[in-house]
Amino acid sequence: MTAVTALAAVALAVPLTAGCGAVEKALDCAQLAVEISNDVDDLQDVLTGAADNPADAEKVLDALAEDIDKVADRTDDADVGKAVDSLQKAVDSVQKSVDSGERPDLTPVRDAAGELTGVCTP
């Protein structure tokens, strides 16, 4: 293999590797968005019975917070960052409502999770 051929091979491989990395990040983001969507569904289910067992609501809120952190840690995309911030604020509001014994409004959480799913879709 000549030096020119080797350089050409490296030049071609770099964009392909970078492209695969971007696709991998997008798929990872999309997978985490699905997990967050599932967490939101679980939260809805648990909060209908939160008066019976508030500890279940805390467990789901903790799982949701962990998944939000995973998305935030694995991306540097500005749109994903905005969606994560919106989702975190909505979850914080739900947490405050649960802590004070009030029935939380999950609409902002659902909306923010939908926004995250939209920006994470490859």
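**Exercise 1. Which residues does V60 touch, not counting residues up to four places away in sequence?**

Solution. The structure is a predicted model, in which local features need pLDDT of at least 70 and side-chain atom pairs count only at pLDDT 80 or more, while totals for chains, interfaces and linings use all residues. Residues are numbered from 1 along each chain as its sequence is written, and side-chain values use heavy atoms, with hydrogens and water left out.

Step 1. Place the residue: V60 belongs to helix α2, where helices (H or I, at least four residues) and strands (E, at least two) are DSSP runs numbered from the N terminus.

Step 2. List its contacts, a contact being heavy atoms within 4.5 Å: beyond four places in sequence, V60 touches D39, D42, L43 and V46.

Step 3. Add its exposure: V60 has a relative accessible area of 12% and is therefore buried, given that buried means under 20% relative accessible area, exposed over 50%, and partly exposed in between (1.4 Å probe, protein chains only).

Step 4. Add a distance: V60 and L47 are 13 residues apart along the chain, and their C-alpha atoms are separated by 9.6 Å.

**Exercise 2. Describe the overall make-up of the protein and state how confident the prediction is.**

Solution. Step 1. Count the elements: the protein has four helices and zero strands, in the order α-α-α-α from the N terminus.

Step 2. Consider burial and surface: 28% of the 122 residues count as buried, and the accessible surface comes to about 7400 Å², of which 56% belongs to carbon and sulfur atoms; such areas come from the Shrake-Rupley method with a 1.4 Å probe, and for residues only the protein chains shown count as cover.

Step 3. Consider the contacts: among those with a separation of 6 or more, 72% are between residues 24 or more positions apart.

Step 4. Check pLDDT, the predictor's confidence in each residue, from 0 to 100: its mean over the protein is 76, and 74% of the residues reach 70 or more. Over residues 1-19, however, pLDDT stays under 50, and the model has one contact beyond four places in sequence for them. Where pLDDT is low, the predicted coordinates should not be read in detail.

**Exercise 3. Compare the length of helix α2 with its expected span, and find how its buried residues are arranged.**

Solution. Step 1. The expected span of a helix is 1.5 Å times one less than its number of residues, so the 21 residues of α2 (residues 54-74) should span 30 Å, in agreement with the 31 Å between its end C-alpha atoms.

Step 2. The buried residues of α2 are A57, V60, L61, L64, D67, I68 and V71. Because these residues fall within an arc of 125° when seen down the axis of α2, they line one face of the helix; the arc is that of the directions from the helix axis to the C-beta atoms.

Step 3. On the face of α2 turned away from the buried side are the exposed residues K59, E66 and D73.

Step 4. Look at one member, D67, which lies in α2 and is buried with a relative accessible area of 7%. Apart from neighbours within four places in sequence, D67 is in contact with E35, I36 and D39.

**Exercise 4. Apply the same reasoning to helix α3.**

Solution. Step 1. Helix α3 has 22 residues and reaches 31 Å from its first C-alpha to its last, close to the 32 Å expected at 1.5 Å a residue.

Step 2. Its buried residues are V80, A83, V84, L87, A90, V91, V94, S97 and V98. They fall within an arc of 140° seen down the axis of α3, so they line one face of the helix, and the face turned away from them carries the exposed residues A78, K82, K89, K96 and D99.

Step 3. S97, located in α3 (residues 78-99), is buried at a relative accessible area of 13% and, leaving aside neighbours within four places in sequence, is in contact with E102 and P104.

**Exercise 5. Find the disulfide and describe the parts of the chain that it joins.**

Solution. Step 1. Taking a disulfide as a pair of cysteine sulfur atoms within 2.5 Å, the count comes to one, namely C29 to C120, with an S to S distance of 1.7 Å.

Step 2. The pair links distant parts of the chain, 91 residues apart, since C29 is in helix α1 (residues 3-47) and C120 in helix α4 (residues 107-120). Both C29 and C120 are buried.

Step 3. The buried residues of α4 are V109, A112, A113, L116 and C120, and they cover an arc of only 100° around the axis, which puts them on the same side of α4.
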